[in-house]
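Take a look at the structure below. We will walk through a few parts of it, one at a time.

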Amino acid sequence: MDPENLKYHKEHTWVNISGNKATIGITGYAQESLGDIVYIDLPELETSTEANTELTEIESTKATASVISPVTGSVVEVNEELSDAPEILNEDPYGKGWIAVIEVEEGADTNDLMDASDYEKYLEEEVKLK
Amino acid sequence: MKVTILGAGPGGYVAAIRAAQLGAEVIVVEESEVGGTCLNRGCIPTKALVASAEVLDKAKKAKDFGLELSGEVSANIQKIIERKNKIVGIQVKGIRGLFKSWGVRILDGRGVITGPGKISVTLKDGGAEEIETDKIIIATGSRPAQIPIFPFDGEKILSSTDALNLEEIPKRLLVIGAGVIGCEFAFIYKEFGSEVTMVEMMPKAVSTEDEEISAVLERELKKKKIKLLTNIKMEKIEVKEDSVQAFLSDGKTIEADKVLVSIGRAMNSENLGLESIGVKTGQRGEIIANSRMETNVDGVYAAGDVTGGIMLAHLASKEGVVAAENAVGGDSAVNYDVVPAAIFTSPEIGSVGLREKQAVEKGLKVRIGRFQFRALGKAHAMGEIAGIVKLIADEESDKLLGAHIIGPHASDLVHEAALAIEKGLTARDIAHMIHAHPTLAEGIMEAAEDVHDSAIHMPKK
Ligand SMILES: Cc1cc2nc3c(=O)[nH]c(=O)nc-3n(C[C@H](O)[C@H](O)[C@H](O)COP(=O)(O)OP(=O)(O)OC[C@H]3O[C@@H](n4cnc5c(N)ncnc54)[C@H](O)[C@@H]3O)c2cc1C
């Protein structure tokens, strides 16, 4: 997936919405600041998730971090490959490192999401200064 | 002063030695083998198996440590059990040696109280002996509890004792009850190669632990691909020719080769002649004793698992010591507020004092310090980075109230916190003390610092 065309959540997840399906993952910035990722607790199918809440957790050699869901809906697909090879999240966060597909709840608000240039600006102005 | 003790588990054998040290004439009656559950079919045998599992795990990870291993590494259960039996044998001899050295007389047989100060022993090698005694300490322990509708058969429906003596590694092992014993066996047999599923009635695994600890353990179960089903009851088990079919309360069924039932322990208080002297028992058959280990009958004490409550070997031993001291005229009591507990899962769990929820329920205002093992250099060097230290301190006094650790060597690490709680030390006291580097104990120091948001190896909050 081309990072340019994705939408971004301020907690460093990306989302690619097509119809009512949203593929999600963590951003390049997220994987870089986490360092070597050693485990992802993959969500179960049919789990319902709400935007801005924890969908799951990732463990790196440095820290454990929440993956915040960018959308509200229900998990319909997960990337099982990550369970045995979590390092893919470091290697290809926007491609092979996708985490799950969420069927977006009808009428759910996705207006808060940023586009690529806004996210870039947000990183420069707010996150990296902290 | 003559003291007679029923049972030579960690409660009874320790009581016997202490009573002898204090000058009493001591007889201890044991119907099975000295060391009791703990040594023969509990703590020590499970830890021998855990040790084999750990070596296997490390061997499988040899490459990560830069080692070239040629050939397959796999578990040979017969050899593992042989090693376990050897370890147990050495310890049994050790206890018998201690008895001899302190002049404790051991009677191998079953003892029954027949009246005030009277015990009748049916000896193992035939014959009987009648004992007259001034004081009695009952330390007859406990046994695996079974589910009446599917009792142990030693073949497919196993107790923890059976699971310590298997001749083959089951391909599919179903564990009923995700408490301490169930979880320990789940990790052991998973490492040995079984496909393991656990079924638990409660919403969490090891539900007696702090919730954050349970959560980390559940994560580790998941990592190891041990399946845990919670909030589910086992309704029925059908034993087939070479498998078992388990029917769950959610309507699903599970097929397995063997089922380990680890749902708790039953107290050995029946057929002891308690009624002959009027010793009171509670609803579950536990002998009722106070913190001085006195029963309702003068001169009769009880210690260990048979008194119900927390069933841990070291608590049984402490109760044995207290019972013995009081029996010979001392004035001792057990402090139940500081009882460290260890669970030998992978990683281990060590805990002491109040859980967060308990503290809150008591109306205490607390501050929590947390630290992740993965922030320690030593944990990385060891290749064991999963886990946390969680310390609970009183907001006002800063006194440590509880410590909950899951991670490498948590069972050893917990004792620093236990001493702190016992002696009323504060989080600042622990943080102030220099901890050697690089050690896992630094995790305790950092968590103590974190109580006041000043852990060095943690990003600013
Ligand atoms: C699989 C397993 C793992 C465990 N792991 C741990 C652990 O890691 N750490 C921990 O702290 N605890 C552990 N425990 C618990 C621990 O084993 C018990 O808490 C401890 O053994 C209790 O000691 P006790 O002396 O009260 O009773 P027991 O050890 O049960 O000893 C009682 C003894 O009394 C004898 N007896 C009974 N009735 C009579 C009679 N009428 N006459 C003569 N003798 C009699 C029995 O044969 C037995 O030897 C484990 C238990 C199990 C089952």
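A residue counts as buried when its relative accessible area is under 20%. Keep that cut-off in mind. The model is a predicted one.

Begin with Ser351(B). Its relative accessible area is 8%, so Ser351(B) is buried, falling under the 20% limit. Where does Ser351(B) lie? It is part of strand β19 of chain B, which covers residues 348–353. Its side chain has a polar partner: the side chain of Glu209(B), at 2.9 Å. Glu209(B) is also among the residues that Ser351(B) touches, once residues up to four places away in sequence are set aside. The others are Val339(B), Pro340(B), Ala341(B), Ala403(B), His404(B) and Val414(B).

Now move to helix α1 of chain B, residues 12–21. How many of its residues are buried? The count is 7 of 10, so the helix is mostly covered by the cut-off of under 20%. Gly12(B) is one of the buried residues, and so are Val14(B), Ala15(B) and Ala16(B). Ile17(B), Ala19(B) and Ala20(B) complete the set. What covers them? The cover includes three strands of chain B: β1 (2–6), β2 (25–30) and β6 (135–138). It also includes the helices α4 (77–102) and α9 (313–327) of that chain. Just after α1(B) comes Gly23(B), with a positive phi of about 95°.

Next, the ligand. Around it are 36 residues. Which of them come nearest? They are Gly11(B), Glu30(B), Thr37(B), Lys47(B) and Asp305(B). By class, the shell holds 12 nonpolar, 16 polar and 8 charged residues.

Some atom pairs can be singled out. An oxygen atom of the ligand sits 2.5 Å from an N or O atom in the side chain of Thr37(B). At Pro10(B), a polar backbone atom is 3.3 Å from a ligand oxygen atom. A nitrogen atom of the ligand takes part too, 3.3 Å from an N or O atom in the side chain of Arg110(B). On its own, the ligand has 1000 Å² of accessible area, and the protein covers 95% of this.

Several elements of chain B give two or more residues to the shell: β2, α2 (36–41), α3 (43–60), β3 (105–115) and α9. Which gives the most? That is α2(B), with 4 residues. Two names return here from the helix above. Both β2 and α9 of chain B help cover the buried residues of α1(B), and both also contribute to the ligand shell.

Key:
Residues numbered from 1 in each chain as written. Chains lettered and ligands numbered in written order. Predicted model: local features only at pLDDT ≥ 70, side-chain atom pairs only at ≥ 80, totals over all residues. Heavy atoms only, no water. Buried < 20%, exposed > 50% of the residue type's maximum accessible area, 1.4 Å probe, protein only. Contact = heavy atoms within 4.5 Å. Near = heavy atom within 4 Å. Polar contact = N/O pair within 3.5 Å; in protein donor to acceptor, adjacent residues only side chain to side chain. Areas by Shrake-Rupley, 256 points an atom, 1.4 Å probe, with all protein chains shown as cover. Nonpolar A, V, L, I, M, F, W, Y, C, P; charged D, E, K, R; others polar.
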